[in-house]
Amino acid sequence: MKNDESQMANMNLSDALDIVRLTDIGLLRDHNEDAIASDDDIGLVILADGMGGYKAGEVASEIAVLSITAELKEAISDSQSGHAAAALDTLRSEAQLIVDAVTNANSAIYNVSQNYPHCAGMGTTLVLGLFANNKLLAGHIGDSRMYRLRNQFLVQITEDHSLLQEQIKAGLITPEQAKFSANKNLVTRALGIDPDVELELNEFDVEVGDVYLLCSDGLTDLVGDEDIQSTLNANSSNLLWAAETLVQMANDNGGMDNISVILVKIKNSFDCKCSWYDNFVGWLK
Amino acid sequence: MAKLILSLDGAFLSEYPLIEERTSIGRRPTNDIHLDNLAISGNHAAIVKAGNDFYVEDLNSTNGTLVNSAATKKHLLQHDDVIEFGKFQLKYVDEAASNDDEAAGLPAFEKTMMIRPSALQSNTPQPLVKSTSSDMQETEHSFSGQQVSDQSVPSPADAATTATPSVSAAGKVGRVQVLNGSNSGRELVLNKALTTLGKAGIQVAVITKRPNGYFITHVEGQILPIVNGVSAGAQAYALNDHDVIELAGVKMEFYLANH
């Protein structure tokens, strides 16, 4: 798809982003139902935590990660390459590209779960980030999270779709009580469970020096935000060390679930005034 | 299954398994738990189920509801909580949690499941509608498996709540004391999972507190940390009592002490 012209016209985001990803089975589960991927050309990071079915959770999370990554990569490369035919087809905004890719992944998982009995009831959480033009589009479904470390402060930028979060929002329990709840495992939204799914998608401004963390609940159920913050602050230039330390902390605290982390550090500005981009800015407003 | 044990002035009266979505308590005979005493309001309180959790809710009773001796309007019940109405006590017992004292009150680590928002609205959360019988068996199996292994793995409760692992094997907490320079004599308690030492941009190391002891790891700078006069290397290095650490020209002693 790409020609020389397109290479010139487009900034490869690998110059702007440092990405490290790590997944670990933990200490108690016999297989890893998490799936993770990243593509630093198009600035995509994606993580899914599969569930349900007879050991089919990993089927759901694999389908989600592979199909969304492939679809976004193709769509974004096409729109960047300036192919007339492709360009006509892909005047969709990046936000719309993500929504479409997630919708297609949902259908794919749902269809498999309907047609294969051992996959019945499978589904997956999802958290993904697409970096473009000094912005981050962050989408999620379920209780996989995204955090941002800026000026040494860690902030959770996704809100879990979980029973616990609903209870906290409704004022039924405090976040402090939530730590002792037996409902940690109940999500209110998942990919592939129903014919339709609603992705929560938000846009954030990105600053050089930011560190973004995508993780499954295997990390956040066992490692407090304060420890995550101090780990990322201890050495934000060595992302692999930070990722390994986070996984180790979760395992030290019991390793009850699969643990996945993706870390993204913003090294340089990636402002890019492409015409197709301006089109979707208009769409977002 | 969770249940309530009713007693009067400490004498056992009855036992109530918590099966229903809502269990009412009061002086009126229509209540699920009928307490015939003037100190009890007609509709005094209710136990409400939410997923695997139970709440006690005071229904604006005249004399109030106490949980563990503190007045409460609404409380998320934990194993061994004692609810008091006048002279009556209701003890909340969660048998799943009480199988293992270690696990009492710990967060459950069952597999993630989906529940329907519609189920939420009707206040009757039903786990994953599509779950087949094999699903359920698998979930139960994994839960009982966890009960067993809880004994061999460190308790996650401390980490989840106070953000520090449980006290190290020896029951002691590590400290470092600076031995030279302007900060000589200064002490630092290593009560966090991770403590950063050194000067940013020159030499930085972290000491991690783990269930099997304390470890120092190099994270930044050309020079690796020195322990007892020898380079500790680039990997995590286990610290022993009274080791002397050298970082960016500063010497400090690591030692274990009681709280």
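Two strands count as paired if DSSP finds at least two bridges between them. The model on screen is predicted.

**Chain A as a whole.** Select chain A, which has 10 helices and 12 strands. Of its 285 residues, 53% are buried. Contacts with a separation of 6 or more come to 73% from residues 24 or more positions apart.

**Strand 11 of chain A.** Select residues 211–215 of chain A. How many of the residues of strand 11 are buried? The count is 5 of 5, so by the cut-off of 20 or more other C-beta atoms within 10 Å each residue of the strand qualifies. Colour the two faces separately: A:V211, A:L213 and A:C215 lie on one side, A:Y212 and A:L214 on the other, and both faces are covered. In a regular strand, side chains alternate between the two faces of the sheet.

**Its partners.** Add residues 145–150 of chain A, which form strand 7; 5 bridges join strand 7 to strand 11, and the two run antiparallel. To find the register, look at A:L149, which stands opposite A:V211. Next add strand 12, residues 259–266 of chain A, joined to strand 11 by 5 bridges and also antiparallel. Here A:L214 has A:I262 as its bridge partner.

**Helix 9 of chain A.** Move to residues 239–252. Helix 9 has 14 residues and reaches 20 Å from its first C-alpha to its last, close to the 20 Å expected at 1.5 Å a residue. Of these residues, 12 are buried, among them A:L239, A:W241, A:L246 and A:M249. What covers the buried residues of helix 9? Show strand 1 (17–24), helix 7 (217–220), helix 8 (225–234) and strand 12 of chain A, then strand 16 (203–210) and strand 17 (213–220) of chain B; the cover includes these elements from both chains. After the helix, click A:G254, where phi is positive, near 125 degrees.

**Helix 4 of chain A.** Select residues 94–115. The 22 residues of helix 4 should span 32 Å at 1.5 Å a residue, and its end C-alpha atoms are 32 Å apart, which agrees. Its buried residues include A:L97, A:I98, A:A101, A:A105, A:I109 and A:S113.

**A sheet in chain B.** Finish with the open sheet of 6 strands in chain B, ordered 14-13-22-21-18-19 with antiparallel pairing. Strand 14 (187–189) and strand 19 (230–231) are its edges, each pairing on one side only. Within the sheet, select strand 13 (residues 173–178) and strand 22 (residues 250–257) of chain B, which 6 bridges join in antiparallel fashion. B:V173 stands opposite B:A257 there.

Notes. Residues are numbered from 1 along each chain as its sequence is written. Chains are lettered from A and ligands numbered from 1 in the order in which they are written. This is a predicted model: local features need pLDDT of at least 70, side-chain atom pairs count only at pLDDT 80 or more; totals for chains, interfaces and linings use all residues. Helices (H or I, at least four residues) and strands (E, at least two) are DSSP runs, numbered from the N terminus. Two residues are in contact if their C-beta atoms, placed from the backbone, lie within 7 Å. The expected span of a helix is 1.5 Å times one less than its number of residues.
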